[in-house]
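Trainee: I am new to this structure and would like to take a close look at a single part of it before moving outward. Could you guide me through it with care?

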Amino acid sequence: MTTGDDGPPRPVRKRSAKGVSTTTGGIEEARRVSVDRAFFDQTSLYIKILSTDGILLDANRTALEFVGADREEVIGRALWDSPWWREAPSDMRDRLRAAVPQAAAGQGVSFEAPHQAKDGRAAIVEFHLKPAFDESGRVEFLIAEGHDITDRKRAEELLRASESKLSGILSMAEDAIVAIDSAFRITLFNRGAERIFGYEANDVIGAELDLLLPESLRVIHRHHVDAFARSPVDARQMGQRSEINGRRKNGELFPAEASILKLDVGGARVFTAVLRDVTDRKRAEAERRVLLARETEAREAAEAAERRAAFLADASSTLDASLDIDATIANLLALVVTSRATFAFIDLIGEGDQPHRFRAVHADPVKQELARDFAHQREASRYLERDMARARQPIVVADVTDAALSAADADDARLALVRALAMTSFVSVPLMARDRLLGAMVLCTDDPERPYGAAELSLARELARRASQAIENAQLYGQTQRAVRARDDVLGVVSHDLRTPLSVIQMCVTGLGAVSGSSGARVEQLASTIHESALWAQRLIQDLLDVASIDAGALTVERSEEDAVILLARAVVLLEPLAGERNIGILTDIPEHLPHVAADHDRFIQVVTNLAGNAIKFSATGSDVVIRARADEHALSISVVDTGSGIPRDELEHIFDRFWHGPRAAGVRGTGLGLAIAKGIVEAHGGRIWAESEAGAGSTFTFTLPRGDGAIKPAPQPPRTAQ
């Protein structure tokens, strides 16, 4: 036997004369050939040398040890009857028999076959039957090689099972699992990916990953993957990467989270991404946000309603705490600026004999002085009240602009005052009582981050409703109190002042009865006294009737164009007897020509005589009372000036109150109705009346009446407000 370069020992053949090779020896001769027997015996392959008809010529140690047989025991046997194949299934032995002539014909045969080892272990052998050729290319013998692949098959089986499990896991996974190679071609696309993206795996395997991405993100995504490939990080988990967008087969984009892993497999870089469609989660989160927002809004609304109710309850308590109108306004504004406004004011219209009221309060004590200045300049509220009073509808201005302020008031001083208050938003509401406008309430804020809106307007309207009720109640209470005082004053007049002339008349009548024999002079004196007392009583009664008419708004004023110079002259004539009694001079400062005045003849003279008569009463003997007249393009102004004791400043606001007597009136006879009647007559003419005085410096009473130039028209009845 000889040894080839690539195979086991083979029999040596000698050529005959005809060139036919023959076997020169048996087994012993084969053993004597020069061959690397150690390699033949020590290789892990099971090697057997067969004749072309399948008879065993040799077997290496590895093959013999596998079945626990000796060489002599197997040499000369057919391979399919040898220990290696004895326990094999019959179909496998038949397959071996068929393979021998195929190999002898020059074709190699390979298949896997079950073998049983000497220890009874079942093994799987990878079997190869190869032809060995001589120099002439003839099949000289067959080489049977076997390799125990039991462990490999088991590993493959385990691998297949693992792959099957992995495939099952991948197919069951809800998330999309997508693998790509370094060329961004898709190599793995599980069922989750099919469900999420809408593609079948066969449609996308081998396609570029761009298919699954929005067009606007494809280049950016490649840059991200390239950067990840160069980074030392092998994986990035969900939550470590920003949210991405995927693209479904129908073109719909959806939000997703993804983790990514990079591996080197067989020298090639592979990227595997697990992508989770978070559309439902995002929708649920959005719904939760909406629900949370609604819940928050509802809670805030409930809290706001609770605060509103608490505030209105406090307001009601504050409004119910007093029937004094000034105290009611002050308490209400103090409550408002503690929680609902930075600056607030109430503007009340005077009604009847009630004065006009305007009070303003600022939450900042430093700016309270500005609020007082604002209250003293009622015209500064023009922009804030705007058309509210005329339309009797509330307004809310969310943004107070300088342009709007400038347009509302051109007066620089008032404009500067309003600007200094730094209001950014306000709400203005009318104060109404049974369709009667009482005034206005205005709430302002200087917080640009929280402008007033519908909620503040609603609250202000409800507050105004309650405030209106309280103010009306206070007004009614004040009217009642004044009515009671008026009743008491009238009773006092009737019981005291009217009793005096009646007592005099009674005494005189009694005296007449006792002086039947007296001189005619005495009778004449008593009759004159009776006449004067009767006139006195008549004047008292007429004054009371005039006051009642003024209170009822029914004072008779029949206006016509009158010459003011003539009217004043008649008044002076009527005043001269009274002035003469007290040695008081009546001086006049009257132009020769005055415009006609639209006035009631008798009522005009009544006002002048009331004012001048009052001045005469309080003037010192020997002094003078001056009656002065002036005219401008709108009105006639009449003044009565005396040099008497004057009126203290704190008494000026009461001098036109009916039945009021100051300390200086002690010892002076009168009802206290003259000035009140004069005020009522002047205001019924549409004019004004006021007094200027200081203690010890005399007094000046002035009234104005509209000019009567042109056609005479009835004058409107203005609100009667004290000035």
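Which residue in β11 does V178 stand opposite?

Mentor: Before the details, please keep in mind that this is a predicted model. V178 stands opposite F189 in β11, and that pair belongs to an arrangement in which strand β10 (residues 176–181) and strand β11 (residues 186–189) run antiparallel and are joined by three bridges. The two strands form a hairpin with four residues between them, and in the turn F184 has a positive phi of about 65°.

From the hairpin we can turn to the charged side chains, where the count of salt bridges comes to 28. As a general point, side chains of opposite charge can pair when their charged atoms come close. One of these salt bridges is formed by D58 with R71, whose closest N and O atoms are 3.0 Å apart. That pair links distant parts of the chain, since D58 sits in strand β6 (residues 56–59) while R71 sits in helix α4 (residues 71–74), 13 residues apart. Both D58 and R71 are buried.

Another salt bridge brings together the side chains of E208 and R222, at 3.3 Å from N to O. Here too distant parts of the chain are linked, with E208 in the loop between α8 (201–204) and α9 (218–230) and R222 in helix α9, 14 residues apart. E208 is partly exposed, its relative accessible area being 41%, and R222 also counts as partly exposed, at 24% relative accessibility.

A further salt bridge stays within one helix: the side chains of E462 and R466 meet at 2.9 Å, N to O, and both residues lie in helix α17 (residues 454–497), four residues apart, which is about one turn of the helix. E462 has a relative accessibility of 17% and therefore counts as buried, because buried means under 20% relative accessible area. R466, at 23% relative accessibility, counts as partly exposed. Elsewhere, salt bridges that share partners join E257, R281, K282 and E285 into one network.

The surface offers other groupings to examine. E297, E300, E303 and E306 gather there in a patch of negative charge. Of these residues, E306 can be placed in helix α10 (residues 279–320), and its relative accessibility of 58% makes E306 count as exposed, because exposed means over 50% relative accessible area. A nonpolar surface patch, by contrast, is made by L261, L263 and V265, and covers about 240 Å². V265, one of the residues in that patch, is found in strand β14 (residues 253–265).

Finally, D435 deserves a look, as it lies in the loop between β19 (425–433) and β20 (436–445). D435 is exposed, with a relative accessible area of 69%. Although D435 and R392 are 43 residues apart in sequence, the distance between them in space is 9.4 Å, taken from C-alpha to C-alpha. To return to where you began, the place to look is the hairpin of β10 and β11, with V178 standing opposite F189.

How values were computed
Residues numbered from 1 in each chain as written. Predicted model: local features only at pLDDT ≥ 70, side-chain atom pairs only at ≥ 80, totals over all residues. Heavy atoms only, no water. Patch = residues over 30% accessible without salt bridge, like charges linked within 9 Å, V, L, I, M, F, W, Y side chains within 5 Å. Areas by Shrake-Rupley, 256 points an atom, 1.4 Å probe, with all protein chains shown as cover. Salt bridge = Lys/Arg side-chain N within 4 Å of Asp/Glu carboxyl O. Buried < 20%, exposed > 50% of the residue type's maximum accessible area, 1.4 Å probe, protein only. Pairing = 2+ DSSP bridges. Lys, Arg positive; Asp, Glu negative; His and termini not counted. Charge placed at Lys NZ, Arg CZ, Asp CG, Glu CD.
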